[in-house]
Amino acid sequence: MADRCQFTSVNRLVTSWPLLMKVTIFYWVFVEPQTLLASKLPLNARQEYKLAYRIFYQRGNSEKNLPECSRFEVCNRVDTYSTPWIERQCRCSGKQSCSLSTKLNDDHTVLDKSTQFKLCEPVSKLPTCRYFRDVTWTYVNHPDNTTQQILHCVCPRNSVAYILNHQAYYTLAGVGYRYTFACSPQSWQRCQRKEPCRLFTVKKRPGVEQVNFSRLCECPLGFVCPKRYAEPSVMVDTIGNGDHTRTYSAYCGPAAD
């Protein structure tokens, strides 16, 4: 009975798009790092990983500027929404290296929508999360705008990660934010008339764009929800002030014959 109540509560949160829009916009506009330096991969790396051709460093502009990863900390984030690009978070200890590949079956990758989280340690060493109970990962945005993401367990198949809790913390250096995520089964209610089915947040960076999206509800029979923000039936909601961020709402459209 308790699990059923938790499921109903989370399901209402997922399908309540105004609240989800506010939390998502805050997370991707204010939590994501604002200053990342970009450079191209060395030639041999571009030849081996032809798709992931661009890399961003969270600190400085080389490996030596990155902090050493903690256990099960995300060392690379590979964005595959369009042309793949990499965000370097930290460096693995010892002789370990963080994968730059877009492959999913290397036992070092956890997939969240169109983003691949790369780990120094094997993913198989992580337990499977329980719905609504376990924290799958913790995401911290420090006062200096650097970030840290640590995985604790892996969501089961056919599930989605949602924000379980978020709070601010205060240090002498300024204000930071800590987010915890949990797992929920993929389950959506039918979209109501004029209700968005998917929300996109698009942030422009030098030479690339960072796209986050959240599915809000299920389109009625004979209709489909756009998977790209540039498709028809997608409308601009807000435009960020000076940070090159926009949010888009996608609406159900007739399915192609």
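A polar contact here is a pair of N or O atoms within 3.5 Å, where one must be able to donate a hydrogen and the other to accept it. Keep that cut-off in mind for the first stop. The model on screen is predicted.

**Whole chain**

Start with the protein chain in a cartoon view. There are three helices and 16 strands to find. Of the 257 residues in the protein chain, 45% are buried. Now consider contacts between residues at least 6 apart in sequence: 60% of them join residues at least 24 apart. Switch to a surface view, and the protein chain exposes about 14,000 Å², of which carbon and sulfur atoms supply 53%.

**Stop 1: Asn76**

Select Asn76, which sits in strand 3. Is Asn76 buried or exposed? The relative accessibility of Asn76 is 0%, so this residue counts as buried. Add Arg88 to the selection: the side chains of Asn76 and Arg88 are joined by a polar contact of 2.6 Å, a distance that falls within the 3.5 Å cut-off.

Next, show what surrounds Asn76. Leaving aside neighbours within four places in sequence, Asn76 is in contact with Ile86, Glu87, Arg88 and Gln89, with Cys98, Ser99 and Leu100, and with Gln116, Phe117 and Lys118.

**Stop 2: Ser101**

Move to Ser101, in the loop between strand 4 (85-88) and strand 5 (109-112). Ser101 has a relative accessible area of 10%, and is buried because that value is under 20%. Which backbone nitrogen lies 2.9 Å from a polar atom of the Ser101 side chain? The nitrogen belongs to Lys103. For a second distance, pick the C-alpha atoms of Ser101 and Ile86: the two residues are 15 apart along the chain, and these atoms are separated by 9.4 Å. Ile86 was also one of the residues in contact with Asn76.

**Stop 3: the disulfides**

Colour the cysteine sulfurs. How many disulfides does the structure hold? There are eight, and three of them are visited here.

Select Cys69 and Cys90, whose sulfur atoms are 2.0 Å apart in a disulfide. Looking along the S-S bond, the angle is 105° and the link is right-handed. Cys69 is in the loop between strand 2 (54-57) and strand 3 (74-79), and Cys90 is in the loop between strand 4 and strand 5, so the disulfide ties together parts 21 residues apart in sequence. The loop that holds Cys90 also holds Ser101. Both cysteines are buried: Cys69 has a relative accessible area of 12%, and Cys90 has 0%.

Go on to Cys129 and Cys153, a disulfide with its sulfur atoms 1.9 Å apart. This link is right-handed too, with 110° about the S-S bond. Cys129 lies in the loop between strand 6 (115-119) and strand 7 (135-141), while Cys153 lies in the loop between strand 8 (147-151) and strand 9 (159-171); the pair links distant parts of the chain, 24 residues apart. Cys129 and Cys153 are both buried.

Then select Cys197 and Cys225, joined by a disulfide with an S to S distance of 2.1 Å. The link of Cys197 and Cys225 is right-handed, at 90° about the S-S bond. Cys197 is found in the loop between strand 10 (174-185) and strand 11 (198-205), and Cys225 in the loop between strand 13 (223-224) and strand 14 (234-239), with their positions 28 residues apart in the chain. Cys197 is buried at 0% relative accessible area, and Cys225 is buried at 15%.

**Stop 4: the salt bridges**

The whole structure has seven salt bridges. Three are shown below.

Select Asp144 and Arg59, where the closest N and O atoms are 3.9 Å apart. Asp144 is in the loop between strand 7 and strand 8, and Arg59 is in the loop between strand 2 and strand 3; the pair links distant parts of the chain, 85 residues apart. Asp144 is partly exposed at 46% relative accessible area, and Arg59 is partly exposed at 33%.

Asp134 forms a salt bridge with Arg130, with 2.9 Å between the closest N and O atoms. Here Asp134 is buried, at 18%, whereas Arg130 is partly exposed, at 46%.

Finish with Glu218 and Arg215, a salt bridge with the closest N and O atoms 2.5 Å apart. Glu218 is partly exposed, with a relative accessible area of 29%, and Arg215 is partly exposed at 28%.

Definitions and conventions
Residues are numbered from 1 along each chain as its sequence is written. This is a predicted model: local features need pLDDT of at least 70, side-chain atom pairs count only at pLDDT 80 or more; totals for chains, interfaces and linings use all residues. Side-chain values use heavy atoms; hydrogens and water are left out. Helices (H or I, at least four residues) and strands (E, at least two) are DSSP runs, numbered from the N terminus. Buried means under 20% relative accessible area, exposed over 50%, partly exposed in between (1.4 Å probe, protein chains only). A disulfide is a pair of cysteine sulfur atoms within 2.5 Å. Contact means heavy atoms within 4.5 Å. Accessible areas come from the Shrake-Rupley method with a 1.4 Å probe; for residues, only the protein chains shown count as cover. A salt bridge is a side-chain nitrogen of Lys or Arg within 4 Å of a carboxyl oxygen of Asp or Glu.
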